[in-house]
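Visitor: Could you take me on a close look at the largest pocket and what surrounds it?

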Amino acid sequence: MVQYKLSYFDGRGTAEIIRQIFALAGQEYEDVRYAHDEWPKHKDEMPFGQMPVLEVDGKQLAQSFAIVRFLSRRFGFAGESRFDEALVDSIADQFKDFMTEIRPMVVVSLGFAQGDLAKLTKEVFLPARDKFFAYITKFLKANKSGYLVGDSLTYVDLYLAETSEFAKKVPTLYDGFPEIKAHAEKVRSIPALKKWIESRPKTNF
């Protein structure tokens with residue numbers, strides 16, 4: 001039996017979709033969560049001096065999207081054809097661009113930096129949301145399954161649905177984007193995922 005060990009901070013962050021894939025696959029794994037004051041003594045153990053890192057039978061794999069893609073191919077969440085896999089990857093890359101755009105607002109909302117949260121929400125987050133959600137709405141309207149690509153769940157559906165967490169900071173998150181809201185509700189109602197979300201540790205990020 002393959003042994004999996006995931007190392008990250010005690011938070012959702014960039015490791016959350018990895019954990020969600022394990023939950024959906026019903027796969028056991030060791031979930032190692034380092035406190036921030038513990039991290040420096042473990043940094044040199046990681047391939048690029050950062051986390052998350054997944055160990056697969058003792059072999060290390062770094063970078064969250066690489067880990068997600070590896071596990072998605074292994075457990076059937078990567079896409080139903082080669083083209084679908086590429087399409088899923090392309091949407092995921094666009095999601096990364098979105099997260100990069102909103103980072104100034106996110107770090108302030110989490111207390112990792114100082115700033116005017118209301119101003120950043122209005123001037124940074126909402127314009128980026130409008131652009132990204134408009135792109136994604138086109139995919140949802142074109143694909144009648146309710147998922148972004150193909151007839152079944154892929155890992156990029158998890159990334160999109162997890163943006164619902166922003167509603168805690170931005171109550172108007174889904175205003176004007178009913179398809180995005182319906183998608184999140186569909187994905188997060190999958191029994192195994194719903195169970196994980198309800199039982200996962202409550203953390204700040």
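Guide: Happy to; here is the pocket, followed by the domains beside it. This is a predicted model, in which local features need pLDDT of at least 70 and side-chain atom pairs count only at pLDDT 80 or more, while totals for chains, interfaces and linings use all residues. Residues are numbered from 1 along each chain as its sequence is written, and side-chain values use heavy atoms, with hydrogens and water left out.

The largest pocket holds about 1,300 Å³ of space. A pocket here is an open set of points on a 1 Å grid over the protein atoms alone, where a 1.4 Å probe fits, with protein on both sides within 12 Å along at least five of seven lines; lining residues have an atom within 4 Å of a point. The volume is the space filled by probe spheres set on the points, which are joined across faces, edges and corners. Of its 39 lining residues, G13, T14, M99, V106 and F205 are the closest to the centre.

Where does this pocket lie? Domain 1 (4-75) and domain 2 (82-189) both contribute to its lining, so the pocket lies between them; the bounds come from an automatic or database domain assignment.

The domain centres, taken over C-alpha atoms, are 22 Å apart. On the domain 1 side, I17, F65 and R69 lose the most area to domain 2, together 53% of what that side buries (buried area is the accessible area, 1.4 Å probe, that two parts lose on being put together, summed over both). R69 also forms a salt bridge with D93, with the closest N and O atoms 3.0 Å apart (a side-chain nitrogen of Lys or Arg within 4 Å of a carboxyl oxygen of Asp or Glu). Between the two domains, the count is 4 salt bridges.
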